[in-house]
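Subject: Structure handover and notes

Dear colleague,

I am passing on the structure below, followed by an account of what was found in it. Please read the notes with the structure open beside them.

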Amino acid sequence: MVKFTEIDDELDAAITAKKTTEPEAKKVAEPEKKKTTATSGADEGEDDDDSQSRIIGRGNKPAATYDDSIADELEWGDEKVMSRSGGLDRLRPEKGKAVRFAIIPWLKPLRALTHFIDKKGTFRCLATEDEPGLCCKKLAEDGQMTIAALVLHYTNAPSKDGKYRKDEHGRVPPIEYAIEYVQLGQTNYRDISELAPEGKVVTDLDIVMTHKDSGIGYKFVMATDNARWRQNETLVAEVKEACAKFMDRKKLNSKLGKKVSLVEMKIVLQSLVAGAEDQSLDDVEML
Ligand SMILES: [Zn+2]
């Protein structure tokens, strides 16, 4: 029953989704803005208005505080906007290349059951512990176990095999990194869990991820059981700071499929039956 309350909340959120999109886009730009116009009182006021209208907009009519300001202008071809991922990129290797990562120890991975629906994306399964969801019934499949884990991606590890090598001066290059996440299926999760040798845990390791030779699925091997980034205390402190904004788990949670209400799921599933015409309409909406 608790689940249904949540679902209702989600529906509210969906109804007001159009409203919240704008403030969220602003929020992303906010840190930069703050740096350059730290003393601008106007900006602060604007943000207050946004949060206020969001709360009021939830379920009730927006009343007199409706924000009718125009959204930010944009030039075509803006790289930042095109590559925007909500601040947390998914780490996965290109075909034939390797990526090296370590799992962030301060945040446990999240798991959820999801359905991938062709041309629609990934959705959170609506099944409860007791019974399958409408999604499972209509799609004739169980929800797939999907796991998301926050990782440190060694961005300058050679893409050939993920192994750092000494340069001509006998030094291994200092680490360059990005905080990203890996999305794993059940098999990937098991493979990684089994990598740690006796006396070590998964978060002690540096892991190299490649495509399997078959081209289907990923392969994980241990690069070291003494993760490189954890050898340097200054770096550890820096990484901890970089992870701070993800510690509420919201970003990671959002990677585990789109959460929809029962009603919204019905609409998605109906459009599958309705055929190509509706699909193209949906594609337009996605723009
Ligand atoms: Zn389901």
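To start with a turn: in the hairpin of β2 and β3, where three residues lie between the strands, Lys119 takes a positive phi near 70 degrees. The two strands, β2 (residues 110-117) and β3 (residues 121-124), run antiparallel and are joined by four bridges, and Phe116 has Thr122 as its bridge partner in β3.

Please keep in mind throughout that this is a predicted model. The mean pLDDT of the chain is 79, with 71% of the residues reaching 70 or more. Over residues 1-62 the pLDDT stays under 50, and for this stretch the model has 37 contacts beyond four places in sequence. Residues 278-287 also have pLDDT below 50, and there the model shows four contacts beyond near neighbours in sequence. Where pLDDT is low, the predicted coordinates should not be read in detail.

As for the overall make-up, the chain has 10 helices and seven strands, and buried residues account for 17% of its 287 residues. Among the contacts in the chain with a separation of 6 or more, 67% are between residues that lie 24 or more positions apart.

The largest nonpolar core has 27 residues, of which Phe101, Ala102, Ala149, Val151, Tyr181 and Ile207 touch the most other members. The elements that contribute two or more residues to this core are β1 (99-103), β4 (144-154), β5 (177-184) and β6 (206-211), and β4 provides the largest share, six residues. Apart from this core lies another, of six residues, which include Leu113, Cys125, Cys135 and Met265. In soluble globular proteins, nonpolar side chains tend to be buried together.

Two members of the largest core can be followed in some detail, and I would begin with Ala149, which is found in strand β4. Ala149 counts as buried because 25 other C-beta atoms lie within 10 Å, where the cut-off for a buried residue is 20 or more. If residues up to four places away in sequence are not counted, Ala149 touches Ile103, Pro109, Tyr181, Val182 and Leu184. Of these contacts, the one with Val182 spans 33 residues in sequence, while the C-alpha atoms of the pair are 5.4 Å apart in space.

The second is Ile207, which, leaving aside neighbours within four places in sequence, is in contact with Phe101, Ala102, Ile192, Leu195, Phe220, Met222 and Ala223. Met222 is also the bridge partner of Ile207 in β7. Strand β7 (residues 218-224) runs antiparallel to β6, and six bridges join the two. The hairpin that they form has six residues between the strands, and in this hairpin Gly215 takes a positive phi near 85 degrees.

A contrasting position is Asp248, in the loop between α7 (233-243) and α8 (250-254). Is Asp248 buried or exposed? Asp248 counts as exposed, because there are 10 C-beta neighbours inside 10 Å and the cut-off for an exposed residue is 12 or fewer. The C-alpha atoms of Asp248 and Leu107 are separated by 9.2 Å, although the two residues are 141 residues apart along the chain.

With best wishes

Key. Residues numbered from 1 in each chain as written. Predicted model: local features only at pLDDT ≥ 70, side-chain atom pairs only at ≥ 80, totals over all residues. Contact = placed C-beta atoms within 7 Å. Core = buried A, V, L, I, M, F, W, Y, C linked by C-beta atoms within 7 Å. Pairing = 2+ DSSP bridges. pLDDT = per-residue confidence, 0-100.
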